[in-house]
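Student: I've got a structure open on my screen and would like to talk it through. Can you take my questions one at a time?

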Amino acid sequence: MSPQLARHRSVLPRETLDLLSPQPGEVWVDATVGAGGHTRLIAERVGPAGRVIGLDQDPSMLERAKLNLVGLPVELLHANFDQLVAALRNLGVQEVDGVLADLGFASDQVDEAERGLSFQQDGPLDMRLDPTSGESAANLIARENDFNLAKIFFEYGEERHSRRVARKIVETRKQSPIHTTKQLADLVRSCVPREKGRHFDPATRVFQGLRIAVNDELGSLERLLAQLPRIAKPGGRVGIISFHSLEDRRVKQAFQDRETWEPLTKKPVIAGEDEVRDNPRSRSAKLRVARRQS
Ligand SMILES: C[S@@+](CC[C@H](N)C(=O)[O-])C[C@H]1O[C@@H](n2cnc3c(N)ncnc32)[C@H](O)[C@@H]1O
């Protein structure tokens, strides 16, 4: 299949660039290339004398991003950002002027039914952002006991009816395996009431919790945050765009270490009304930026 141009639209592009302020000749990392939107903006700023190293754990996003980055000084790597230091050492890079991570998934990944990330389309219950490694959501659901499943839905999905859903899964899987997104979404809808005045699907929180667990999203973020002090030069800038409070809390906490970081955002930067109207995904985006102390 030939790569298609990506659909994903970058969030907070102007704010990210203004705060990170990449300069000509600098070396930068985009730890989450996605469709390459932010990568492109950074690469244009560092110019031909600079260098941008772009990581993504999803090879198909890297293929898409390539089309958006032709002629720019960008090297793309298939890697999880929790291996950032090792990936940079392999390229002979010890320190960089800046790092951006725009967490979560790209619109293109959700749109592909076969990735199993969407409860709006039927597909295999996979959910791995890196389809080359790890365990699918279907396997996890088949294996975990109801206590652990409820924990995932409650802690990562903030689903109040987590125990009810977990029990129903365990009951259902005794009869037949749950291996499609539709099976799981229908199961959740059968035991989680639709909240009054809320428009979102009752399956939303369970799907979010499972996706976070399958991809160990919080563990990867913590490992990334722990590595940033080792690779950001004194004066180097790091920016993290997060999409829910579990992520933002960890970023906020990491940047509170004043021996290492000078926060450049006192409060997280959020999208303005115009951006939210044009790109609804930006509604929950929060950007925090910090500078490595000299
Ligand atoms: C929100 S999108 C990035 C969009 C990008 N900033 C743009 O402007 O097009 C997030 C991307 O990060 C990737 N990703 C998520 N977690 C990752 C991780 N731990 N390591 C590497 N890539 C990751 C996803 O596969 C996805 O392509």
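Student: Which helix and which strand each supply at least two residues of the shell around the ligand?

Tutor: Keep in mind that this is a predicted model. The shell around the ligand divides into 7 nonpolar, 11 polar and 4 charged residues. The elements that each supply at least two of its residues are α2 (37–46) and β2 (51–56).

Student: And which of the 22 residues around the ligand come nearest?

Tutor: One of them, G37, has the number at which α2 (37–46) begins. The full set that comes nearest is S10, T32, G34, A35 and G37.

Student: How do α7 and α10 pack, parallel or perpendicular?

Tutor: Helix α7 covers residues 146–156 and helix α10 covers 204–214, and their axes lie 8 Å apart. The angle between them is about 105°. That makes the arrangement of α7 and α10 roughly perpendicular.

Student: Which residues of α7 meet α10?

Tutor: On the α10 side, the residues involved are R205, V206, Q208, G209, L210, I212 and A213. By class, this contact has 7 nonpolar, 2 polar and 1 charged residues. From α7, the residues that take part are I152, F153 and Y156.

Student: Next, α9. Where do its buried residues sit around the helix?

Tutor: Helix α9 runs over residues 181–191, and its buried residues are T181, L184, A185, L187 and V188. Looking down the axis of α9, you find them within an arc of 160°. They therefore line one face of the helix.

Student: What do those buried residues of α9 pack against?

Tutor: One partner is α10, the helix that also packs with α7. The other partner covers residues 162–175. So the names you want are α10 and α8.

Student: I clicked on V165. Is that residue buried or exposed?

Tutor: V165 lies in helix α8. A residue needs 20 or more other C-beta atoms within 10 Å to count as buried. V165 has 28 of them, so V165 is buried.

Student: Which residues is V165 in contact with, leaving aside its neighbours within four places in sequence?

Tutor: One of the contacts, V188, is a buried residue of α9. Two others, F153 and V206, also appear in the contact of α7 with α10. A226 is a separate matter, as its C-alpha atom is separated from that of V165 by 34 Å. The contacts of V165 are F153, E159, V188, C191, V192 and V206.

Student: In α12, which residues are exposed on the other side from the buried ones?

Tutor: Helix α12 spans residues 245–255, with E247, D248, V251, A254 and F255 buried. Those cover an arc of only 130° around the axis, which puts them on the same side of α12. What covers them includes α11 (217–231), β5 (232–242), β6 (261–263) and β7 (286–292). On the other side of α12, the exposed residues are S245, R249 and Q253.

Student: What is the phi of L12?

Tutor: L12 lies in the segment before α1 (13–20). L12 is buried, with 23 other C-beta atoms within 10 Å. Although L12 is not a glycine, its phi is positive, at about 45°.

Student: What about M127, buried or exposed?

Tutor: M127 lies in the loop between α5 (107–111) and α6 (137–143). M127 has a positive phi too, about 75°, and is not a glycine. With 27 C-beta neighbours inside 10 Å, M127 counts as buried.

Student: How far apart are the C-alpha atoms of Q293 and T260?

Tutor: Q293 is in the segment after β7 and counts as partly exposed, with 15 C-beta neighbours inside 10 Å. Among the residues Q293 touches are P234, W261 and T260 itself. Q293 and T260 are 33 residues apart along the chain, yet their C-alpha atoms are separated by 5.4 Å.

Student: Last one: which residues does Q109 touch, not counting those up to four places away in sequence?

Tutor: Q109 is found in helix α5, and its 20 C-beta neighbours inside 10 Å make Q109 count as buried. D201 lies 92 residues from Q109 in sequence and 19 Å away in space, C-alpha to C-alpha. The residues Q109 touches are D58, R115, L117 and L129.

Definitions and conventions
Residues numbered from 1 in each chain as written. Predicted model: local features only at pLDDT ≥ 70, side-chain atom pairs only at ≥ 80, totals over all residues. Near = placed C-beta within 6 Å. Helix = DSSP H or I, 4+ residues; strand = E, 2+ residues; numbered from the N terminus. Nonpolar A, V, L, I, M, F, W, Y, C, P; charged D, E, K, R; others polar. Axes fitted to C-alpha atoms, helices over the stretch in contact; angles between N-to-C directions. Parallel < 35°, antiparallel > 145°, perpendicular 65-115°, else oblique. Contact = placed C-beta atoms within 7 Å. Buried ≥ 20, exposed ≤ 12 C-beta atoms within 10 Å, placed from the backbone. Arc of directions from axis to C-beta.
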